[in-house]
Amino acid sequence: MDRKNDSRIPDCGKLPDFSGGKLIVGSKQLRKAVCAGRARCVFLAENADPGLTGPLQALCQAHNIQITWVPTMTDLGRACGIEVGAAAAAVVNT
């Protein structure tokens with residue numbers, strides 16, 4: 001079973017609408033939110049450096065947080081409303 005493909009957002013441009021939810025972008029903020037128990041779900045970009053996404057994936061799995069893979073950093077950044085790519089993002093409890 002390939003967990004990455006099973007939880008992947010299809011290449012159809014149908015990314016979640018993050019407006020209205022509290023969103024954090026970036027690996028450092030994401031790591032803090034996961035460890036604090038505030039992250040509800042995590043989005044990781046498939047084309048991001050595995051040295052960055054691998055430890056985040058392991059951390060999320062250790063805390064039983066759902067991971068959704070997004071095809072590119074550009075797609076994830078756009079979905080987050082920023083003009084640059086993003087390797088990681090999370091929806092958090094406020």
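I take helices (H or I, at least four residues) and strands (E, at least two) as DSSP runs, numbered from the N terminus. The model I have open is a predicted one.

**Entry 1: the overall layout**

I began with the element count, and the chain comes to 4 helices and 4 strands. Reading from the N terminus, I wrote down the order α-β-α-β-α-β-α-β. Next I looked at burial: of the 94 residues in the chain, 37% are buried. I also checked how far apart in sequence the contacts reach. Among contacts with a separation of 6 or more, 77% are between residues 24 or more positions apart.

**Entry 2: strand 2 and its neighbours**

I picked strand 2, residues 39-45, for a longer look. How many of its 7 residues are buried? I found 6, which leaves the strand mostly covered.

Then I followed its pairing on each partner. With strand 4 (residues 88-92), strand 2 runs antiparallel, and 5 bridges join the two. One pair I noted there is Ala39 with Val92, its bridge partner in strand 4. With strand 3 (residues 66-70), the pairing is parallel, again over 5 bridges. Here I marked Cys41, which stands opposite Gln66 of strand 3. To get from strand 2 to strand 3, the chain passes through helix 3 (residues 50-62), and I logged this β-α-β crossover as right-handed.

**Entry 3: helix 3**

That took me to the connecting helix itself. Helix 3 has 13 residues and spans 18 Å from first C-alpha to last, close to the 18 Å expected at 1.5 Å a residue. Which of its residues are buried? My list reads Thr53, Leu56, Leu59 and Cys60. Seen down the helix axis, the buried residues fall within an arc of 125°, so they line one face of helix 3. Pro50, Gly51 and Ala62 are exposed on the other side. I then asked what the buried residues of helix 3 pack against. The answer is helix 2 (27-35), together with strand 2, strand 3 and strand 4.

**Entry 4: the cysteines**

Having met Cys41 and Cys60, I went looking for disulfides, and the count is 0. Why does Cys35 form no such bond? Its closest cysteine sulfur is the one in Cys60, and at 9.3 Å that is too far, because a disulfide needs the two sulfur atoms within 2.5 Å. Last, I checked whether Cys80 is buried or exposed. Its relative accessible area is 14%, and the cut-off for buried is under 20%, so I put Cys80 down as buried.

Methods
Residues are numbered from 1 along each chain as its sequence is written. This is a predicted model: local features need pLDDT of at least 70, side-chain atom pairs count only at pLDDT 80 or more; totals for chains, interfaces and linings use all residues. Side-chain values use heavy atoms; hydrogens and water are left out. Buried means under 20% relative accessible area, exposed over 50%, partly exposed in between (1.4 Å probe, protein chains only). Two strands pair if DSSP finds at least two bridges between them. A crossover is right-handed if, with the strands pointing away from the viewer, the path from the first strand over the helix to the second runs clockwise. The expected span of a helix is 1.5 Å times one less than its number of residues. The arc is that of the directions from the helix axis to the C-beta atoms. Contact means heavy atoms within 4.5 Å.
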